[in-house]
Amino acid sequence: MPKVDSQPRPSPDRCSLLAVTSEAPWPLDTGGHLRTYHLLRTLTTAFDVRLVAPASGRDDEGCRALARAGLHPRLVPVSARTAVTETVKVGLAAVRREPYVMFSRHRYRAVARALRDEIKVRRPDVLYLDHLDSLVYAGGLDRIPLIIDMHNVYSRLVSRAAVEAGGAVRRRYLEGEAALIARMEQRAVALADTILAVSADDASYFTGIGAKRVVVVPNGVDCDAYERLPAGARTGPPTILYVGSLTWPPNVSAARFLAAEVLPLVRRRLPDARVVIVGKDPDPDLMALARATDGVDIAGHVPDVAAYFRSAHVLAVPLESGGGTRLKILEAFGAGLPVISTPVGCEGIAANDGEHLVIADRRDFAAGIIDLLLDPVGARNRAQRAKRLARQRYDWPVVGALACAAVAEASRTAAAAPHRLAIQPTVRIR
(Lines give C-alpha, C1' and ligand atoms only; values in the text may rest on other atoms or scores of the structure.)
Protein backbone atom coordinates (compact mmCIF):
# COMPACT_ATOMS: atom_id res chain seq x y z
CA MET A 1 0.00 0.00 0.00
CA PRO A 2 1.41 3.44 -0.85
CA LYS A 3 2.33 5.42 2.27
CA VAL A 4 0.87 8.89 2.76
CA ASP A 5 2.71 10.88 5.43
CA SER A 6 0.11 13.67 5.54
CA GLN A 7 -2.82 11.32 6.06
CA PRO A 8 -4.82 12.26 9.19
CA ARG A 9 -5.22 9.66 11.90
CA PRO A 10 -8.70 8.23 12.56
CA SER A 11 -10.49 9.64 15.58
CA PRO A 12 -11.93 7.14 18.08
CA ASP A 13 -14.56 9.71 19.06
CA ARG A 14 -16.39 9.58 15.73
CA CYS A 15 -18.39 6.80 14.14
CA SER A 16 -16.36 4.61 11.82
CA LEU A 17 -17.33 3.81 8.23
CA LEU A 18 -15.40 1.16 6.31
CA ALA A 19 -15.91 1.33 2.55
CA VAL A 20 -14.83 -1.00 -0.22
CA THR A 21 -14.99 -0.40 -3.95
CA SER A 22 -13.75 -2.23 -7.04
CA GLU A 23 -11.15 0.41 -7.90
CA ALA A 24 -9.77 3.56 -6.34
CA PRO A 25 -12.02 6.52 -7.25
CA TRP A 26 -9.19 8.52 -8.79
CA PRO A 27 -8.66 10.22 -11.20
CA LEU A 28 -12.09 11.80 -11.51
CA ASP A 29 -12.53 10.75 -15.12
CA THR A 30 -15.58 8.48 -14.96
CA GLY A 31 -19.08 8.83 -13.60
CA GLY A 32 -18.47 6.04 -11.10
CA HIS A 33 -15.31 7.67 -9.78
CA LEU A 34 -17.07 11.02 -9.44
CA ARG A 35 -19.96 9.63 -7.41
CA THR A 36 -17.78 7.47 -5.16
CA TYR A 37 -15.25 10.22 -4.50
CA HIS A 38 -17.72 12.99 -3.76
CA LEU A 39 -20.01 10.90 -1.56
CA LEU A 40 -17.14 9.47 0.48
CA ARG A 41 -15.54 12.90 0.77
CA THR A 42 -18.78 14.33 2.15
CA LEU A 43 -19.18 11.38 4.52
CA THR A 44 -15.85 12.34 6.10
CA THR A 45 -17.60 15.39 7.58
CA ALA A 46 -19.59 13.07 9.87
CA PHE A 47 -17.62 9.80 10.00
CA ASP A 48 -14.10 8.47 10.04
CA VAL A 49 -13.98 6.92 6.58
CA ARG A 50 -11.57 4.15 5.63
CA LEU A 51 -11.48 2.96 2.04
CA VAL A 52 -10.21 -0.40 0.80
CA ALA A 53 -9.76 -0.85 -2.94
CA PRO A 54 -7.56 -2.91 -5.28
CA ALA A 55 -4.79 -1.23 -7.23
CA SER A 56 -2.72 -2.78 -10.01
CA GLY A 57 0.68 -1.24 -9.35
CA ARG A 58 1.54 1.71 -7.14
CA ASP A 59 -0.87 4.61 -7.10
CA ASP A 60 0.83 7.20 -4.91
CA GLU A 61 -0.94 10.10 -6.62
CA GLY A 62 -4.38 8.55 -6.13
CA CYS A 63 -3.60 7.68 -2.53
CA ARG A 64 -2.49 11.23 -1.77
CA ALA A 65 -5.58 12.69 -3.47
CA LEU A 66 -7.90 10.45 -1.45
CA ALA A 67 -6.06 11.31 1.77
CA ARG A 68 -6.39 15.03 1.01
CA ALA A 69 -10.14 14.44 0.70
CA GLY A 70 -10.16 13.20 4.30
CA LEU A 71 -10.28 9.48 3.55
CA HIS A 72 -7.95 6.84 4.99
CA PRO A 73 -7.20 4.84 1.83
CA ARG A 74 -5.77 1.36 1.80
CA LEU A 75 -5.01 0.56 -1.83
CA VAL A 76 -4.30 -3.15 -2.04
CA PRO A 77 -1.76 -4.24 -4.69
CA VAL A 78 -3.21 -6.80 -7.10
CA SER A 79 -1.85 -8.18 -10.36
CA ALA A 80 -2.99 -6.70 -13.64
CA ARG A 81 -5.69 -8.61 -15.46
CA THR A 82 -4.55 -11.10 -18.07
CA ALA A 83 -6.39 -13.28 -20.54
CA VAL A 84 -5.53 -16.34 -18.45
CA THR A 85 -6.77 -14.98 -15.09
CA GLU A 86 -9.94 -13.58 -16.62
CA THR A 87 -10.70 -16.85 -18.40
CA VAL A 88 -10.38 -18.62 -15.04
CA LYS A 89 -12.73 -16.09 -13.44
CA VAL A 90 -15.27 -16.52 -16.22
CA GLY A 91 -15.19 -20.28 -15.73
CA LEU A 92 -15.50 -20.09 -11.94
CA ALA A 93 -18.36 -17.62 -12.25
CA ALA A 94 -20.18 -20.07 -14.52
CA VAL A 95 -19.67 -22.92 -12.05
CA ARG A 96 -20.99 -20.81 -9.18
CA ARG A 97 -23.86 -19.37 -11.22
CA GLU A 98 -22.53 -15.90 -10.51
CA PRO A 99 -22.35 -13.04 -13.00
CA TYR A 100 -18.88 -12.30 -14.28
CA VAL A 101 -19.79 -8.88 -15.68
CA MET A 102 -19.92 -6.28 -12.90
CA PHE A 103 -19.41 -8.88 -10.19
CA SER A 104 -17.05 -11.83 -9.87
CA ARG A 105 -14.33 -10.29 -12.07
CA HIS A 106 -13.70 -7.89 -9.15
CA ARG A 107 -12.98 -10.57 -6.53
CA TYR A 108 -9.46 -10.56 -5.05
CA ARG A 109 -8.29 -12.53 -2.03
CA ALA A 110 -5.89 -9.74 -1.04
CA VAL A 111 -8.75 -7.24 -0.81
CA ALA A 112 -10.79 -9.65 1.31
CA ARG A 113 -7.84 -10.05 3.70
CA ALA A 114 -7.37 -6.29 3.90
CA LEU A 115 -11.04 -5.87 4.82
CA ARG A 116 -10.76 -8.44 7.59
CA ASP A 117 -7.60 -6.73 8.86
CA GLU A 118 -9.31 -3.35 8.94
CA ILE A 119 -12.23 -4.80 10.89
CA LYS A 120 -9.83 -6.29 13.44
CA VAL A 121 -7.99 -2.99 13.85
CA ARG A 122 -11.25 -1.12 14.44
CA ARG A 123 -14.68 -2.62 14.05
CA PRO A 124 -16.66 -0.21 11.88
CA ASP A 125 -20.05 1.15 12.84
CA VAL A 126 -21.08 0.89 9.18
CA LEU A 127 -19.83 -1.22 6.27
CA TYR A 128 -20.30 0.64 2.98
CA LEU A 129 -20.21 -1.41 -0.23
CA ASP A 130 -19.77 0.75 -3.32
CA HIS A 131 -21.33 -0.81 -6.43
CA LEU A 132 -22.92 -4.26 -6.59
CA ASP A 133 -19.56 -5.88 -7.35
CA SER A 134 -18.30 -5.08 -3.83
CA LEU A 135 -20.81 -7.63 -2.58
CA VAL A 136 -18.22 -10.30 -3.39
CA TYR A 137 -16.60 -9.36 -0.06
CA ALA A 138 -19.70 -9.51 2.14
CA GLY A 139 -19.45 -13.17 3.10
CA GLY A 140 -18.96 -13.81 6.83
CA LEU A 141 -19.04 -10.15 7.91
CA ASP A 142 -21.36 -10.41 10.91
CA ARG A 143 -23.59 -7.91 12.65
CA ILE A 144 -22.21 -4.78 11.00
CA PRO A 145 -24.83 -2.38 9.62
CA LEU A 146 -24.53 -2.66 5.86
CA ILE A 147 -25.15 -0.01 3.20
CA ILE A 148 -24.82 -0.72 -0.52
CA ASP A 149 -24.59 2.17 -2.95
CA MET A 150 -26.19 0.95 -6.17
CA HIS A 151 -24.94 3.27 -8.88
CA ASN A 152 -27.33 1.58 -11.31
CA VAL A 153 -29.92 -1.12 -11.65
CA TYR A 154 -27.20 -3.26 -13.15
CA SER A 155 -29.47 -6.02 -14.45
CA ARG A 156 -31.47 -3.47 -16.43
CA LEU A 157 -28.30 -1.87 -17.77
CA VAL A 158 -26.88 -5.18 -19.04
CA SER A 159 -30.26 -6.28 -20.39
CA ARG A 160 -30.48 -3.10 -22.45
CA ALA A 161 -26.91 -3.56 -23.62
CA ALA A 162 -27.88 -7.03 -24.85
CA VAL A 163 -30.47 -5.47 -27.16
CA GLU A 164 -27.76 -3.39 -28.85
CA ALA A 165 -25.15 -6.16 -28.86
CA GLY A 166 -23.82 -7.22 -32.22
CA GLY A 167 -24.06 -10.95 -32.86
CA ALA A 168 -26.32 -13.62 -31.42
CA VAL A 169 -23.63 -15.15 -29.19
CA ARG A 170 -22.81 -11.87 -27.45
CA ARG A 171 -26.50 -11.05 -27.10
CA ARG A 172 -27.29 -14.40 -25.46
CA TYR A 173 -24.29 -14.05 -23.14
CA LEU A 174 -25.39 -10.61 -21.96
CA GLU A 175 -28.97 -11.80 -21.50
CA GLY A 176 -27.66 -14.60 -19.28
CA GLU A 177 -25.50 -12.17 -17.33
CA ALA A 178 -28.48 -9.85 -16.83
CA ALA A 179 -30.47 -12.70 -15.28
CA LEU A 180 -27.58 -13.62 -12.97
CA ILE A 181 -27.10 -9.98 -11.95
CA ALA A 182 -30.82 -9.74 -11.13
CA ARG A 183 -30.40 -12.70 -8.76
CA MET A 184 -27.43 -10.95 -7.13
CA GLU A 185 -29.43 -7.76 -6.73
CA GLN A 186 -32.03 -9.77 -4.84
CA ARG A 187 -29.31 -11.11 -2.54
CA ALA A 188 -28.00 -7.60 -2.03
CA VAL A 189 -31.33 -6.17 -0.91
CA ALA A 190 -31.88 -9.15 1.38
CA LEU A 191 -28.53 -8.51 3.04
CA ALA A 192 -28.37 -4.72 3.20
CA ASP A 193 -29.88 -2.57 5.90
CA THR A 194 -30.00 0.33 3.44
CA ILE A 195 -29.76 0.61 -0.32
CA LEU A 196 -28.72 3.93 -1.85
CA ALA A 197 -30.36 4.48 -5.24
CA VAL A 198 -29.64 7.24 -7.74
CA SER A 199 -33.24 7.93 -8.72
CA ALA A 200 -36.84 7.35 -7.67
CA ASP A 201 -37.20 4.87 -10.54
CA ASP A 202 -34.23 2.82 -9.35
CA ALA A 203 -35.51 3.04 -5.77
CA SER A 204 -38.86 1.62 -6.87
CA TYR A 205 -37.06 -1.33 -8.46
CA PHE A 206 -35.10 -2.15 -5.31
CA THR A 207 -38.18 -1.75 -3.11
CA GLY A 208 -40.07 -4.06 -5.44
CA ILE A 209 -37.54 -6.87 -5.02
CA GLY A 210 -37.64 -6.68 -1.24
CA ALA A 211 -35.25 -3.99 0.01
CA LYS A 212 -35.82 -3.13 3.68
CA ARG A 213 -34.94 0.52 3.23
CA VAL A 214 -34.06 2.52 0.14
CA VAL A 215 -32.81 6.11 0.16
CA VAL A 216 -32.56 8.16 -3.01
CA VAL A 217 -29.13 9.80 -3.19
CA PRO A 218 -28.89 11.14 -6.74
CA ASN A 219 -25.79 11.69 -8.78
CA GLY A 220 -24.40 15.18 -8.60
CA VAL A 221 -22.14 17.85 -10.01
CA ASP A 222 -19.46 20.11 -8.58
CA CYS A 223 -21.18 23.39 -9.36
CA ASP A 224 -18.39 25.49 -7.83
CA ALA A 225 -15.85 23.96 -10.21
CA TYR A 226 -17.83 25.19 -13.21
CA GLU A 227 -18.39 28.61 -11.66
CA ARG A 228 -14.60 29.02 -11.43
CA LEU A 229 -14.12 28.40 -15.14
CA PRO A 230 -13.65 31.55 -17.22
CA ALA A 231 -16.95 32.70 -18.65
CA GLY A 232 -17.48 33.84 -22.20
CA ALA A 233 -19.75 33.51 -25.17
CA ARG A 234 -19.52 30.28 -27.14
CA THR A 235 -18.00 31.09 -30.48
CA GLY A 236 -16.75 29.20 -33.52
CA PRO A 237 -18.64 26.64 -35.60
CA PRO A 238 -21.74 25.04 -34.01
CA THR A 239 -20.31 22.23 -31.90
CA ILE A 240 -22.28 19.16 -30.82
CA LEU A 241 -20.54 17.43 -27.92
CA TYR A 242 -20.77 13.78 -26.91
CA VAL A 243 -19.11 12.51 -23.71
CA GLY A 244 -18.88 8.90 -22.62
CA SER A 245 -16.48 6.00 -22.19
CA LEU A 246 -16.10 4.34 -25.57
CA THR A 247 -15.44 0.96 -24.00
CA TRP A 248 -19.19 0.67 -23.30
CA PRO A 249 -21.18 -0.45 -26.38
CA PRO A 250 -24.22 1.83 -25.82
CA ASN A 251 -21.87 4.85 -25.80
CA VAL A 252 -20.22 3.66 -29.02
CA SER A 253 -23.64 3.26 -30.61
CA ALA A 254 -24.66 6.77 -29.56
CA ALA A 255 -21.44 8.33 -30.83
CA ARG A 256 -21.74 6.51 -34.15
CA PHE A 257 -25.38 7.64 -34.47
CA LEU A 258 -24.36 11.27 -34.00
CA ALA A 259 -21.51 11.08 -36.49
CA ALA A 260 -23.14 8.98 -39.21
CA GLU A 261 -26.83 9.91 -39.03
CA VAL A 262 -27.35 13.17 -37.15
CA LEU A 263 -24.48 15.35 -38.33
CA PRO A 264 -25.21 15.03 -42.08
CA LEU A 265 -28.80 16.20 -41.47
CA VAL A 266 -27.67 19.08 -39.27
CA ARG A 267 -25.10 20.21 -41.84
CA ARG A 268 -27.85 20.66 -44.45
CA ARG A 269 -28.99 23.68 -42.39
CA LEU A 270 -25.70 24.51 -40.68
CA PRO A 271 -22.88 23.51 -43.05
CA ASP A 272 -20.07 24.24 -40.59
CA ALA A 273 -21.55 22.22 -37.71
CA ARG A 274 -19.32 19.57 -36.18
CA VAL A 275 -19.43 16.73 -33.67
CA VAL A 276 -16.78 16.36 -30.96
CA ILE A 277 -16.61 12.98 -29.21
CA VAL A 278 -14.83 12.78 -25.85
CA GLY A 279 -14.23 9.34 -24.35
CA LYS A 280 -11.49 6.86 -23.67
CA ASP A 281 -10.52 3.95 -25.90
CA PRO A 282 -12.40 4.65 -29.16
CA ASP A 283 -12.41 1.51 -31.28
CA PRO A 284 -10.89 1.35 -34.79
CA ASP A 285 -14.30 1.37 -36.49
CA LEU A 286 -15.29 4.62 -34.80
CA MET A 287 -11.93 6.18 -35.60
CA ALA A 288 -12.32 5.15 -39.24
CA LEU A 289 -15.81 6.67 -39.33
CA ALA A 290 -14.44 9.93 -37.97
CA ARG A 291 -11.70 10.03 -40.61
CA ALA A 292 -14.24 9.41 -43.37
CA THR A 293 -16.83 11.93 -42.12
CA ASP A 294 -16.28 15.64 -42.50
CA GLY A 295 -16.84 17.55 -39.27
CA VAL A 296 -16.26 14.71 -36.79
CA ASP A 297 -13.47 15.02 -34.23
CA ILE A 298 -12.65 12.32 -31.68
CA ALA A 299 -10.80 13.85 -28.76
CA GLY A 300 -10.47 10.50 -27.00
CA HIS A 301 -9.55 10.50 -23.33
CA VAL A 302 -8.96 13.96 -21.87
CA PRO A 303 -7.76 14.81 -18.34
CA ASP A 304 -10.46 17.43 -17.84
CA VAL A 305 -13.69 17.57 -19.82
CA ALA A 306 -14.75 20.93 -18.36
CA ALA A 307 -13.18 22.94 -21.18
CA TYR A 308 -15.23 20.96 -23.72
CA PHE A 309 -18.43 21.77 -21.85
CA ARG A 310 -17.50 25.45 -21.97
CA SER A 311 -16.69 25.55 -25.69
CA ALA A 312 -19.49 23.36 -27.11
CA HIS A 313 -22.90 24.69 -28.13
CA VAL A 314 -24.95 21.64 -27.13
CA LEU A 315 -24.44 18.35 -25.31
CA ALA A 316 -26.13 15.48 -27.17
CA VAL A 317 -27.10 12.28 -25.31
CA PRO A 318 -28.82 9.99 -27.87
CA LEU A 319 -28.62 6.87 -25.71
CA GLU A 320 -31.06 4.02 -26.23
CA SER A 321 -29.79 1.88 -23.36
CA GLY A 322 -28.09 2.34 -20.03
CA GLY A 323 -29.13 2.89 -16.45
CA GLY A 324 -28.84 5.18 -13.44
CA THR A 325 -28.49 8.87 -14.17
CA ARG A 326 -26.03 10.48 -16.53
CA LEU A 327 -23.49 12.64 -14.70
CA LYS A 328 -22.53 14.20 -18.03
CA ILE A 329 -25.98 15.81 -18.22
CA LEU A 330 -25.63 17.19 -14.70
CA GLU A 331 -22.15 18.49 -15.55
CA ALA A 332 -23.56 20.20 -18.64
CA PHE A 333 -26.24 21.76 -16.43
CA GLY A 334 -23.55 23.03 -14.07
CA ALA A 335 -21.59 24.46 -16.99
CA GLY A 336 -24.62 26.19 -18.49
CA LEU A 337 -24.45 24.06 -21.65
CA PRO A 338 -27.76 23.33 -23.44
CA VAL A 339 -28.67 19.63 -23.50
CA ILE A 340 -30.67 17.41 -25.84
CA SER A 341 -31.30 13.82 -24.79
CA THR A 342 -33.39 10.79 -25.57
CA PRO A 343 -35.85 9.77 -22.83
CA VAL A 344 -33.50 6.94 -21.79
CA GLY A 345 -30.53 9.29 -21.72
CA CYS A 346 -32.02 11.59 -19.09
CA GLU A 347 -33.76 8.98 -16.95
CA GLY A 348 -33.73 9.75 -13.25
CA ILE A 349 -33.05 13.49 -13.57
CA ALA A 350 -35.81 15.78 -12.30
CA ALA A 351 -35.63 18.04 -15.34
CA ASN A 352 -38.51 18.99 -17.61
CA ASP A 353 -38.60 18.84 -21.39
CA GLY A 354 -38.59 22.36 -22.79
CA GLU A 355 -37.82 23.94 -19.42
CA HIS A 356 -34.35 22.56 -18.60
CA LEU A 357 -33.43 20.52 -21.68
CA VAL A 358 -34.86 19.12 -24.90
CA ILE A 359 -36.01 15.50 -24.92
CA ALA A 360 -36.33 13.85 -28.33
CA ASP A 361 -36.46 10.34 -29.72
CA ARG A 362 -33.74 9.41 -32.17
CA ARG A 363 -36.01 9.96 -35.16
CA ASP A 364 -36.40 13.63 -34.12
CA PHE A 365 -32.91 14.12 -32.75
CA ALA A 366 -31.37 15.98 -35.68
CA ALA A 367 -34.34 18.35 -35.89
CA GLY A 368 -34.07 19.03 -32.16
CA ILE A 369 -30.39 19.91 -32.47
CA ILE A 370 -31.07 22.22 -35.41
CA ASP A 371 -33.77 24.04 -33.43
CA LEU A 372 -31.40 24.46 -30.48
CA LEU A 373 -28.57 25.81 -32.61
CA LEU A 374 -30.85 28.23 -34.50
CA ASP A 375 -32.37 29.61 -31.29
CA PRO A 376 -29.38 30.53 -29.11
CA VAL A 377 -31.43 32.83 -26.85
CA GLY A 378 -33.97 30.13 -26.05
CA ALA A 379 -31.20 27.57 -25.58
CA ARG A 380 -29.32 29.91 -23.23
CA ASN A 381 -32.43 30.58 -21.14
CA ARG A 382 -33.12 26.86 -20.86
CA ALA A 383 -29.52 26.23 -19.84
CA GLN A 384 -29.69 28.89 -17.14
CA ARG A 385 -32.78 27.26 -15.63
CA ALA A 386 -30.96 23.94 -15.71
CA LYS A 387 -27.98 25.52 -13.97
CA ARG A 388 -30.20 26.74 -11.14
CA LEU A 389 -31.73 23.27 -10.86
CA ALA A 390 -28.26 21.73 -10.60
CA ARG A 391 -27.26 24.14 -7.83
CA GLN A 392 -30.44 23.59 -5.84
CA ARG A 393 -30.82 19.84 -6.19
CA TYR A 394 -27.68 18.18 -7.57
CA ASP A 395 -24.71 20.06 -6.13
CA TRP A 396 -22.48 17.51 -4.39
CA PRO A 397 -22.80 19.10 -0.92
CA VAL A 398 -26.60 18.83 -1.24
CA VAL A 399 -26.40 15.22 -2.43
CA GLY A 400 -23.74 14.35 0.15
CA ALA A 401 -25.96 15.56 2.98
CA LEU A 402 -28.53 12.96 1.93
CA ALA A 403 -25.87 10.25 2.08
CA CYS A 404 -24.72 11.39 5.52
CA ALA A 405 -28.28 11.24 6.84
CA ALA A 406 -28.84 7.79 5.33
CA VAL A 407 -25.65 6.39 6.85
CA ALA A 408 -26.34 7.92 10.26
CA GLU A 409 -29.83 6.45 10.32
CA ALA A 410 -28.55 3.02 9.24
CA SER A 411 -25.97 3.00 12.02
CA ARG A 412 -28.71 3.72 14.57
CA THR A 413 -31.41 1.36 13.38
CA ALA A 414 -29.67 -1.61 11.75
CA ALA A 415 -31.21 -4.96 12.56
CA ALA A 416 -29.31 -7.16 15.03
CA ALA A 417 -29.47 -10.28 12.84
CA PRO A 418 -26.10 -11.46 11.48
CA HIS A 419 -25.26 -10.39 7.95
CA ARG A 420 -24.18 -13.36 5.91
CA LEU A 421 -24.09 -14.13 2.21
CA ALA A 422 -22.97 -17.36 0.64
CA ILE A 423 -20.27 -15.65 -1.40
CA GLN A 424 -16.80 -16.25 -0.06
CA PRO A 425 -13.58 -14.76 -1.47
CA THR A 426 -11.91 -18.12 -2.01
CA VAL A 427 -10.72 -17.65 -5.57
CA ARG A 428 -6.94 -17.82 -5.73
CA ILE A 429 -6.55 -15.00 -8.18
CA ARG A 430 -4.61 -11.84 -7.43
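Strand 4 (residues 126-130) is mostly covered in this predicted model, with five of its five residues buried. Val126, Tyr128 and Asp130 point to one side of strand 4, while Leu127 and Leu129 point to the other, and all of them are buried. Strand 4 pairs in the parallel sense with strand 1 (residues 16-20) over four bridges, and Val126 of strand 4 is the bridge partner of Leu17. Strand 4 also runs parallel to strand 5 (residues 146-150), to which four bridges join it. In this second pairing, Asp130 stands opposite Asp149 of strand 5.

**The seven-stranded sheet**

These strands belong to an open sheet of seven strands, with parallel pairing and the order 3-2-1-4-5-6-7. Strand 3 (72-77) and strand 7 (214-216) stand at the edges; each has a single partner strand, so one side of each is left without a neighbour in the sheet. From one strand to the next, the twist averages 20°. Strand 5 is joined by four bridges to strand 6 (residues 194-197), and the two run parallel. Here Met150 stands opposite Ala197 in strand 6.

Helix 4 (residues 109-121) packs on this sheet and touches strand 1, strand 2 (48-55) and strand 3. The direction of helix 4 makes about 145° with that of strand 3. Helix 7 (residues 200-208) lies across strand 5, strand 6 and strand 7, and runs at about 175° to strand 7.

**The six-stranded sheet**

Another open sheet has six strands in the order 10-9-8-11-12-13, again with parallel pairing. Its edges are strand 10 (296-300) and strand 13, each of which has a single partner strand, so one side of each is left without a neighbour in the sheet. Strand 8 (residues 239-243) and strand 11 (residues 314-317) pair in the parallel sense over two bridges, and Leu241 has Leu315 in strand 11 as its bridge partner. Helix 9 (residues 249-269) packs on the sheet, where it touches strand 8, strand 9 (274-278), strand 10 and strand 11. The direction of helix 9 makes about 170° with that of strand 8.

The angles of the three sheet-packing helices are collected below.

| Helix | Reference strand | Angle |
|---|---|---|
| Helix 4 (residues 109-121) | Strand 3 | about 145° |
| Helix 7 (residues 200-208) | Strand 7 | about 175° |
| Helix 9 (residues 249-269) | Strand 8 | about 170° |

**Helix 1 and helix 15**

Helix 1 (residues 31-43) packs against helix 15 (residues 396-413) at an angle of about 65°, and their axes are 8 Å apart. The crossing of these two helices is right-handed. Helix 1 contributes Leu34, Arg35, His38, Leu39, Thr42 and Leu43 to the contact, and these meet Trp396, Val399, Gly400, Ala401, Ala403, Cys404 and Val407 in helix 15. By class, the residues of this contact comprise nine nonpolar, three polar and one charged.

**Confidence of the model**

The average pLDDT of the chain is 88, and 91% of the residues score at least 70. Confidence is highest in strand 13 (residues 358-359), with a mean of 98, and lowest in helix 5 (residues 154-164), with a mean of 86. The pLDDT is below 50 over residues 1-7, a stretch that has 16 contacts in the model beyond near neighbours in sequence. It is also below 50 over residues 415-430, where 55 such contacts are present in the model.

Conventions: Residues numbered from 1 in each chain as written. Predicted model: local features only at pLDDT ≥ 70, side-chain atom pairs only at ≥ 80, totals over all residues. Heavy atoms only, no water. pLDDT = per-residue confidence, 0-100. Contact = heavy atoms within 4.5 Å. Axes fitted to C-alpha atoms, helices over the stretch in contact; angles between N-to-C directions. Left-handed = near helix turned anticlockwise from the far one by under 90°. Nonpolar A, V, L, I, M, F, W, Y, C, P; charged D, E, K, R; others polar. Pairing = 2+ DSSP bridges. Buried < 20%, exposed > 50% of the residue type's maximum accessible area, 1.4 Å probe, protein only.
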